Amino acid sequence: MSWVEARFPRLAASGWQVTSAAARAYNCIAWAAGVTDRWWWPSPHPHAYWPEGVPLAESLEAFTQAFRSLGYAPTDDARLEVGADRVAIYVGSDGVVTHAARQLQNGKWTSKLGRDVDIEHALDGLDGSEYGRVACVLRRVRSRT
């Protein structure tokens with residue numbers, strides 16, 4: 001998929017692969033939250049979901065609050081940790097949130113690219129003009145059920 005590497009030039013050097021076909025039901029924020037049946041975005045649009053009580057803003061603070069509602073807390077460590085889940089939030093040069101990725105149990109990261117495919121990639125593989133850079137990593141302890 002040459003369009004992916006054209007939009008995200010760092011992917012080629014870091015290694016990546018498509019892990020699922022395009023789907024319109026969910027976006028990167030929902031995918032990072034582990035949801036595949038609805039679109040997560042801070043919008044009053046009736047088809048968009050956003051956690052109750054979290055500001056409808058495309059700010060890092062609002063997205064951090066949204067993931068806090070799922071049990072995540074900010075961390076300085078993006079390394080794989082057995083028994084913990086991690087989410088990374090990307091922001092553009094203007095500070096507006098552009099993307100989120102979720103860490104897999106193999107240490108790589110997974111992302112939904114807009115309405116298109118899901119991919120497995122290195123954390124910095126999406127850094128660049130399209131999504132900006134990782135501004136925040138969040139961690140939660142996985143429940144033992």
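**Exercise 1. Determine which strands pair with S8 and how its residues are placed.**

Solution. Begin with strand S1 (residues 16–20), which is joined to S8 by four bridges, the two strands running antiparallel. In this predicted model, Val 18 has Ile 119 as its bridge partner in S8.

Next, consider strand S7 (residues 109–112): four bridges join S7 to S8, again in an antiparallel arrangement. Here Thr 110 has Glu 120 as its bridge partner in S8. S7 and S8 form a hairpin with five residues between them, and Gly 114 in the turn has a positive phi of about 60°.

Finally, examine the side chains of S8 (residues 118–121). Asp 118 and Glu 120 point one way, whereas Ile 119 and His 121 point the other way, and all are buried.

**Exercise 2. Decide whether Gln 103 is buried or exposed, and describe its surroundings.**

Solution. First, locate the residue: Gln 103 lies in strand S6. Its relative accessible area is 9%. Buried means under 20%, so Gln 103 is buried.

Second, list its contacts. Apart from neighbours within four places in sequence, Gln 103 is in contact with Ala 78, Arg 79, Leu 80, Arg 86, Lys 108 and Trp 109. With Ala 78 there is a polar approach to note: the side chain of Gln 103 reaches the backbone oxygen of Ala 78 at 3.1 Å.

**Exercise 3. Describe the nonpolar cores and identify which element gives the largest share of the largest one.**

Solution. The largest nonpolar core has 24 residues, and those with the most contacts inside it are Ile 29, Trp 40, Trp 50, Phe 63, Phe 67, Val 87 and Ile 89. Two or more residues come from each of helix H3 (28–33), helix H4 (60–68), strand S5 (84–91), strand S6 (97–103) and strand S9 (133–141). H3 gives the largest share, six residues.

Apart from this core lies another, of 15 residues, including Phe 8, Tyr 90, Trp 109 and Ile 119.

Val 87 may serve as an example of the contacts made. Leaving aside neighbours within four places in sequence, Val 87 is in contact with residues including Ala 32, Phe 67, Tyr 72, Trp 109 and Leu 138.

**Exercise 4. Explain why the protein chain counts as being as compact as a globular protein of its length.**

Solution. Start with the elements: the protein chain has four helices and nine strands, in the order α-α-β-α-β-β-α-β-β-β-β-β-β from the N terminus. The radius of gyration is 14 Å, close to the 15 Å that the globule rule gives for 145 residues, so the chain is as compact as a globular protein of that length.

Two further values complete the description. Of the 145 residues, 41% count as buried. Of the contacts with a separation of 6 or more, 56% are between residues 24 or more positions apart.

Methods: Residues are numbered from 1 along each chain as its sequence is written. This is a predicted model: local features need pLDDT of at least 70, side-chain atom pairs count only at pLDDT 80 or more; totals for chains, interfaces and linings use all residues. Side-chain values use heavy atoms; hydrogens and water are left out. A nonpolar core is a set of buried Ala, Val, Leu, Ile, Met, Phe, Trp, Tyr and Cys residues joined through side-chain atoms within 4.5 Å. Buried means under 20% relative accessible area, exposed over 50%, partly exposed in between (1.4 Å probe, protein chains only). Contact means heavy atoms within 4.5 Å. A polar contact is a pair of N or O atoms within 3.5 Å; within protein, one must be able to donate a hydrogen and the other to accept it, and residues adjacent in sequence count only if both atoms are side-chain atoms. Two strands pair if DSSP finds at least two bridges between them. The radius of gyration is taken over C-alpha atoms; the globule rule is 2.2 Å times the number of residues to the power 0.38.
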